[in-house]
Amino acid sequence: MKGWRAGLRKSRNPEKFSMTYSLSHDPHQAGVRRITPAMILAEMQCEALPRSGATKAQILSALHTEPRALGLQPRQSDLLGFLISRTKPVDWEDDNLTICSVRNRDICERFGIERSTVKRWLRGLSELGWIIMRDSPNQQRWLRRDGRNGAILEGYGFDLSPLSRRYNEMLQRVEAFREREREGKRLHKRAMVLGRRITALCATALETTADKPTVMSIQQNGHQLLALRGTDHDLDILSPLVEQMEGLVERLEAMIAGADPVEMDPMGRTDGPHNTDTNPNTITKVTVSGAGYAGVGIEAEVVGSDSASRSKASPLRGFKAGPNFLLQLVPDLRDLCTSSRPHEAELIEAVEMLTGSLGISSHAWRQACSVMGRYEAAVAVCVISAKSRKGKVRSAGGLLRAMIERHLDGTLALDRTLYGLASDLSTDRTYH
C-alpha cells in the first residue's frame, strides 16, 4: 500500500493512473479464458449424458469415418484426433478422467498455425460440445497420474469425455449421413432416367397429339429441372426435383395413353426345351460362362415346379434367374446398382430406374409388380431389355402389358425366353 501511495503522489496525471489500474483488472485480460454462452450450454448438455465405455480406438474410428456427418471441418477433426492421441487407453475406461494437457505451442508446431488460430479452433470445438475446457487456478495445464501409466488423479486442460458421452450419437449421425448420401445418389440417377424418359415421351407426344405447345413447354421444363440436379447429390434439391419430373412423366403418359403398339409374341423363342410338371425331380442346368465380377461363370437352373425358390404361380416356372444372371443379361444394370453383388431388393430398385429409359411407364411397372410380384416383374423387364438390344421389341411398354395379360390368363412362361437368352449368352461367350 505504501508503494501504491508513493506512486500516486509521483504521478502528474492521477486520472491516467486510475484508468491504467482499472484496465489491469479487466476480466478478459490475458490469461483469463473467455467463456461464451454456447460453451456453457454445450458443457451442461454433455455432462448430462452417461459415458459410453467406448475405447480410444473406437472413438478415433468414429471420428475419422465421416467428419462431415459430425459437423466438423477437416482441420477440426484432425485437431481432435491429435488431442485424443495424447491420452492413454486407461483414460477412456469406466469413469476415469479423460484430460489432455497438451500446450498451445505444441498444437501450433503440429499444424503450422498461429496461436490465435489455435484458440479459435479450440473455442469452436468447445462451443460444439466436443471438448470442455478445464482451467487450473494458475491457468497451466498439467496432469497427476497414479503411477506412470495409471489413471489420472487430477488434471487440467482439455476434457475429452464428451467424445465418450456422445459416441452413440456419433455412430447414428454417421449412419444417417451415409443413408442420406445413398438416397442422394439414387435420386441423382433417377433424375437422369426421368430426363431421358421425358425426352422420349415428348418425341412421341409431338407425333401423336395436337397440343404441341404444351408438349414443348413440358420438354423445356424437364431440361431445366435436369440441369438443376448438379453433381453434389444434395437431397434437399434432388427430392423435390425428382418429384416434379415424375409429375411431368405422368402428365405426358396421360397425354399419349393407349398409343403403345403391342408385340404379338411376348413369349419369346419356343425352340428351347420347356419344363413341365411330369417329372418334378428333373433338373436341367444351363451353364453360362459369362464375364462375371469374380471371373466365374454363372449357372441358371430350370427346375421342377415344386421348387421352393419360386412358387408354382410364378411366371418364371422354376427358372432361377438370380441377380448375377440378370446382370449378365442386362449389363446396364451394373451402373444403376450401388454394389457389385446386389441382392434382390437392390436389383429391383435398379430395374425400376431402368424402366424409364426403356419407355415403360411407371403405371405399367407398378401393375406388373402387383400382378406378377416385384422380383418377377424385374425379371420380365430384364427380358424386355435384352430383347430390345437385339431389335426384337417394338414397344417395351406394350410388351410388358401383354406379359401382364398373359400372366393373368395363366399362359405366360418366361422360363422359355430365359432359357433361350441363357443359351445366347453361352454362345456369345464361346465365339468371343
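1. Let's start with E66: in this predicted model E66 counts as buried, because its relative accessibility of 14% falls under the 20% cut-off. The E66 side chain still has a charged partner, forming a salt bridge with R68 at 3.0 Å, N to O.

2. R68 itself is exposed, since its relative accessible area is 53% and the threshold is over 50%. R68 also bridges to E181, with the closest N and O atoms 3.3 Å apart. That pair ties together distant parts of the chain: R68 sits in the loop between α4 and α5 (74-85), while E181 belongs to helix α9, 113 residues apart. At 29% relative accessibility, E181 is partly exposed.

3. Helix α9 has another salt bridge worth a look, assuming you're scrolling along residues 167-208: the side chains of R182 and E175 come to 3.2 Å, N to O. Both ends get the partly exposed label, R182 at 39% and E175 at 43%.

4. Now the packing. Helix α4 (residues 56-65) lies against α9 at an angle of about 30°, with the axes 10 Å apart. Angles under 35 degrees count as roughly parallel, so α4 gets that description relative to α9. The crossing is left-handed.

5. Who touches whom here? From α4 you have Q58, I59, A62, L63 and T65, and from α9 they meet Y167, M170, L171, V174 and R178. The contact residues split into 7 nonpolar, 2 polar and 1 charged.

6. For the wider electrostatics, the count comes to 16 salt bridges. Elsewhere, E43, E47, R134 and D159 are linked in a salt-bridge network.

How values were computed
Residues are numbered from 1 along each chain as its sequence is written. This is a predicted model: local features need pLDDT of at least 70, side-chain atom pairs count only at pLDDT 80 or more; totals for chains, interfaces and linings use all residues. Side-chain values use heavy atoms; hydrogens and water are left out. Axes are lines fitted to C-alpha atoms, for helices over the stretch in contact, and angles run from 0 to 180 degrees between N-to-C directions. Helices (H or I, at least four residues) and strands (E, at least two) are DSSP runs, numbered from the N terminus. Angles under 35 degrees count as roughly parallel, over 145 as roughly antiparallel, 65 to 115 as roughly perpendicular and the rest as oblique. A crossing is left-handed if the near helix is turned anticlockwise from the far one by less than a right angle, and right-handed if clockwise. Contact means heavy atoms within 4.5 Å. Ala, Val, Leu, Ile, Met, Phe, Trp, Tyr, Cys and Pro count as nonpolar, Asp, Glu, Lys and Arg as charged, and the others, Gly among them, as polar. A salt bridge is a side-chain nitrogen of Lys or Arg within 4 Å of a carboxyl oxygen of Asp or Glu. Buried means under 20% relative accessible area, exposed over 50%, partly exposed in between (1.4 Å probe, protein chains only).
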